[in-house]
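Welcome! Let us take a guided walk through a protein fold, one piece at a time. Keep the structure open beside you and look for each part as it comes up.

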Amino acid sequence: MPFARLATATTPTCHIGLGLAAVGRPGYINLGRDQDLGENRSEDALRTRTHDLLDAAYAQGVRYFDAARSYGRSEEFLADWLKDRPDVDDVVIGSKWGYTYTADWTTDAERHEVKDHSLAAYERQRAESVALLGDRLDLYQIHSVTPDSPALTDKELHARLADAAASGLTVGFSTSGPAQAEAIRAALEVTVGGEPLFRTVQSTYNALETSAAPALAEAHDAGLTVIVKEAMANGRLAEPHAPAALRSVAEETTLGCDAVALALVLRQPWAGVVLSGAATVTQLASNLHAPVVDLEQEQLALLATLAQEPGAYWERRGRLPWH
């Protein structure tokens, strides 16, 4: 398990990872992108921004970096950064397959990504990922598994994934949608040769969407590393969009709403790595205050009132425009 490398890390930020969804492509659903990125979203501009974020994250103790085939040129940007820094040998690199990026570096494409969990898509995209990241790729995840995903039942795909695991690649999956818990539990039942196939799970969990928590605890108890994505709810928990209860707690802690929102996730006993989706170095620095946030019981009770019904949360997320 590549995440064993984090066990020897002593920095409080080692359990925060950097996700590259927001900076690997010009368009995404996060709020505030016009302010964060400005008008220049050329490949060179976002490559530079990604490298600046990776430099800042690494310098401050972050050791997990998360990309995907559908995050535009995120793998390419990450690969370039790694090649320029051969002494950086203590990080864990994860990526995902299952979506193909189709926006052609625009923000107004009719479709930004196309989902395909077939064996053919896996073989094509793994070859693409390996061509960029080579043996630096530690973790390869099925992107956004839902209960109806063929990736849960395709025995030939399972066999190929098991072969990859036998060669040293850690195999995992991510989830999305209102039925995350069902998808997680179904994935935990997938075995090859009597052994569990998946070693990691990456799911959405935040102050607004807490429904996956029991299933994630089960995954943790089964030995999987749990990675939490969208802890900021695509910007809905960051200023100036944060709800009043979160702003109130943040004022009491004298830290930002983002740090409090991430701290709420970090304190979950099953959370192995929590992703920052920062698009600026300033945002990243604020996110990395999360480990020092000490939340009291009254504050936790107030934040618990923010949880929404999963269907309502995902319906709202589905209406977020690609900026």
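## A buried helix

Start with helix α9, where Cys257, Asp258, Ala259, Val260, Ala261, Leu262, Ala263, Leu264 and Val265 are buried. Keep in mind as you look that this is a predicted model. Helix α9 spans residues 257–266, and because 9 of its 10 residues are buried, the helix is largely enclosed by the rest of the structure.

What do the buried residues of α9 pack against? Their neighbours are two strands, β11 (225–229) and β12 (273–276), together with the helices α8, α10 (281–287) and α11.

## The loop before it

Just ahead of this helix, look for Gly256, which sits in the loop between α8 and α9. Is Gly256 buried or exposed? With a relative accessibility of 18%, Gly256 counts as buried, because the cut-off for that label is under 20%.

Leaving aside residues up to four places away in sequence, Gly256 touches Glu239 and Ala250. For a sense of scale, try finding Ala151 as well: 105 residues separate Ala151 from Gly256 along the chain, and their C-alpha atoms are 39 Å apart.

## The barrel

Now turn to the strands. Eight of them form a closed barrel with parallel pairing, in the order β1-β2-β3-β6-β7-β10-β11-β12. From one strand to the next, the twist averages 25 degrees.

One pair to trace is β2 (residues 64–66) with β3 (residues 92–97), which run parallel and share 3 bridges. Across this pair, Tyr64 stands opposite Val92 in β3, and Phe65 has Ile93 of β3 as its bridge partner.

## Two strands with covered faces

In a regular strand, side chains alternate between the two faces of the sheet. Strand β3 lets you see this: Val92, Gly94 and Lys96 point one way, while Ile93, Ser95 and Trp97 point the other way. How many residues of β3 are buried? The count is 6 of 6, and β3 is mostly covered.

Strand β10 (residues 200–204) gives a second example: 5 of its 5 residues are buried, so this strand is largely enclosed by the rest of the structure. Thr200, Gln202 and Thr204 lie on one side of β10, with Val201 and Ser203 on the other, and both faces are covered.

## Neighbours of β10

Strand β10 pairs with β7 (residues 170–175) in the parallel sense, over 3 bridges. Here Ser174 stands opposite Gln202 in β10. Strand β10 also runs parallel to β11, and 5 bridges join these two. Which residue of β11 is the bridge partner of Val201? That partner is Val226.

While you are at β7, pick out Thr170, which lies in this strand. Thr170 has a relative accessible area of 7% and is buried. Not counting residues up to four places away in sequence, Thr170 touches Met1, Pro2, Asp138, Leu139, Tyr140, Arg199 and Thr200.

## Two helix pairs

Two packed helices are described by the angle between their axes and the distance between the axes. Try this on α8 (residues 244–253) and α11 (residues 297–304), which pack at an angle of about 160 degrees with their axes 9 Å apart. Angles over 145 degrees count as roughly antiparallel, and α8 and α11 are therefore roughly antiparallel to each other. Their crossing is left-handed. In the contact, Ala245, Leu246, Ser248, Val249, Glu252 and Thr253 of α8 meet Gln299, Leu302 and Leu303 of α11. These contact residues divide into 5 nonpolar, 3 polar and 1 charged.

Next, find α3 (residues 74–84) and α4 (residues 119–133), whose axes come within 8 Å and cross at roughly 25 degrees. Angles under 35 degrees count as roughly parallel, and α3 and α4 are therefore roughly parallel to each other. Glu75, Glu76, Leu78, Ala79, Leu82 and Lys83 on the α3 side meet Ser129, Leu132 and Leu133 on the α4 side. This contact divides into 5 nonpolar, 1 polar and 3 charged residues.

Terms used. Residues are numbered from 1 along each chain as its sequence is written. This is a predicted model: local features need pLDDT of at least 70, side-chain atom pairs count only at pLDDT 80 or more; totals for chains, interfaces and linings use all residues. Side-chain values use heavy atoms; hydrogens and water are left out. Two strands pair if DSSP finds at least two bridges between them. Helices (H or I, at least four residues) and strands (E, at least two) are DSSP runs, numbered from the N terminus. Axes are lines fitted to C-alpha atoms, for helices over the stretch in contact, and angles run from 0 to 180 degrees between N-to-C directions. Angles under 35 degrees count as roughly parallel, over 145 as roughly antiparallel, 65 to 115 as roughly perpendicular and the rest as oblique. A crossing is left-handed if the near helix is turned anticlockwise from the far one by less than a right angle, and right-handed if clockwise. Contact means heavy atoms within 4.5 Å. Ala, Val, Leu, Ile, Met, Phe, Trp, Tyr, Cys and Pro count as nonpolar, Asp, Glu, Lys and Arg as charged, and the others, Gly among them, as polar. Buried means under 20% relative accessible area, exposed over 50%, partly exposed in between (1.4 Å probe, protein chains only).
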